[in-house]
Amino acid sequence: MDKTKQDQLKKEAATKAAEIVENSSSLGVGTGSTVAFFIDALAKRKERENLKLKHIVTTSNRSKKQLESLGFKVDELSQVDDLDLTVDGADRVADNLDGIKGGGGALTLEKNVAINSKKIIWIVDESKLVHRLSGFALPVEVLPISCEQNFKRFEQEGLKPRWRLDENGKRYVTHYGNYIIDLACDPIPAPHGLADYLDHTVGVVEHGLFLDMCDEVIIAHSDGRIEEKKK
């Protein structure tokens, strides 16, 4: 699928998601190219319908800057009790709506926003759909102080770790000053088992397995259909 076609699909799914946002609600806004289209669609609703939101929390500076440039006030997660809805993208979505996220490096804040949301919607094009989680390396954010030991342990476990690098070929540094190790085990053999292992590994800050969290996925198909898949 060429990029122009893919962008059009993302825009259609994002527009559908923007229509779901309720006036005076508290909204979590994710990160990524599809979410950028969602923010644009949200701004059009603001202009057309005078849409007002009680709170907006976002998961990256990029999304924050875009929202603020369009006249939205963005709060910190710590300033909000909870969120009515979070809309985000996903790197892969399985049939049961489990997902892999963190391709943009914001997985820790993305997960914190997600777990404080009453409802979670992901917006994707059909290229992100898989029957079981596969086709995308799993991001794991690790503390610099013990990252080398984590990397070696992941190698010993057969998880095929590799350092995420920035555009200068140096280790990518997250918003919180940590590194990301991408695990290239594919497909993920037992997502819940791997999540439990990572959750109990000292030095791991967060991982990109988003399991049993998503309530609905809005999917743009290349034939023009917009599918809403719910749990």
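Trainee: Before we get going, what counts as a salt bridge here?

Mentor: We're looking at a predicted model, so keep that in mind throughout. For a salt bridge, start from a side-chain nitrogen of Lys or Arg and look for a carboxyl oxygen of Asp or Glu. The pair counts if the two atoms lie within 4 Å.

Trainee: How far apart are the closest N and O atoms of E148 and R171?

Mentor: The cut-off is 4 Å, and E148 and R171 do form a salt bridge. Their closest N and O atoms are separated by 2.9 Å.

Trainee: Why does that pair tie together separate parts of the chain?

Mentor: E148 belongs to helix α5 (residues 147–156), while R171 is in the loop between β8 (161–163) and β9 (179–183). The bridge therefore ties together parts that, in sequence, are 23 residues apart.

Trainee: Are E148 and R171 buried, exposed or partly exposed?

Mentor: Buried means under 20% relative accessible area and exposed means over 50%. E148 has 37%, so it falls in between. R171 has 28%, so the label for R171 is also partly exposed.

Trainee: How many salt bridges does the structure hold, and which residues are joined into one network?

Mentor: The structure holds 13 salt bridges. Some share partners, and that sharing makes one network out of R45, R48 and E49.

Trainee: How many residues apart are K16 and E228?

Mentor: K16 and E228 form a salt bridge, with the closest N and O atoms 3.5 Å apart. K16 sits in helix α1 (residues 3–20) and E228 in strand β13 (residues 226–230). That makes it a link between distant parts of the chain, 212 residues apart.

Trainee: And are K16 and E228 buried, exposed or partly exposed?

Mentor: K16 has a relative accessible area of 27%, so it is neither under 20% nor over 50%. E228 comes out at 38%, so E228 is likewise partly exposed.

Trainee: What about K101 and E110: buried or exposed?

Mentor: Their side chains meet in a salt bridge, 3.5 Å from N to O. For the label, the cut-off to use is under 20% relative accessible area. Both K101 and E110 are buried.

Trainee: Let's move to the strands. Which strands pair with β3 in the parallel sense?

Mentor: Strand β1 (residues 26–29) runs parallel to β3, with 3 bridges between them, and L27 has L85 as its bridge partner. Strand β6 (residues 120–125) is also joined to β3 by 3 bridges, again parallel, with D88 standing opposite W122. The strands you want are β1 and β6.

Trainee: Which residues of β3 point one way, and which the other way?

Mentor: Strand β3 covers residues 85–88, and all four of its side chains in question are buried. L85 and V87 point one way; pointing the other way are T86 and D88.

Trainee: Which are the edge strands of the sheet with the order β8-β9-β7-β10?

Mentor: This is an open sheet of 4 strands with antiparallel pairing, and its neighbouring strands are turned by 30 degrees against each other on average, direction ignored. An edge strand pairs on one side only, which fits β8 and β10 (204–207).

Trainee: Which residue in β10 is the bridge partner of V140?

Mentor: Strand β7 (residues 138–142) runs antiparallel to β10, and 3 bridges join them. In β10, the partner of V140 is H207.

Trainee: Now the pockets. Which residues are closest to the centre of the largest pocket?

Mentor: The largest pocket has about 410 Å³ of space. Its lining draws at least two residues from each of β2 (55–58), α3 (61–69) and α4 (107–115), and it divides into 8 nonpolar, 11 polar and 5 charged residues. Of the 24 lining residues, the closest to the centre are T59, S60, N61, L109 and H175.

Trainee: And how many charged residues are in the lining of the second largest pocket?

Mentor: That pocket has a volume of about 290 Å³. It is lined by 17 residues, and T31, G32, S33, D91 and G104 are the closest to its centre. By class, the lining has 2 nonpolar and 8 polar residues, and the charged ones number 7.

Technical notes. Residues are numbered from 1 along each chain as its sequence is written. This is a predicted model: local features need pLDDT of at least 70, side-chain atom pairs count only at pLDDT 80 or more; totals for chains, interfaces and linings use all residues. Side-chain values use heavy atoms; hydrogens and water are left out. On a 1 Å grid over the protein atoms alone, a cavity is a set of points where a 1.4 Å probe fits but cannot get out, and a pocket is an open set with protein on both sides within 12 Å along at least five of seven lines; lining residues have an atom within 4 Å of a point. Grid points are joined across faces, edges and corners, and a volume is the space filled by probe spheres set on the points. Ala, Val, Leu, Ile, Met, Phe, Trp, Tyr, Cys and Pro count as nonpolar, Asp, Glu, Lys and Arg as charged, and the others, Gly among them, as polar. Buried means under 20% relative accessible area, exposed over 50%, partly exposed in between (1.4 Å probe, protein chains only). Two strands pair if DSSP finds at least two bridges between them. Axes are lines fitted to C-alpha atoms, for helices over the stretch in contact, and angles run from 0 to 180 degrees between N-to-C directions.
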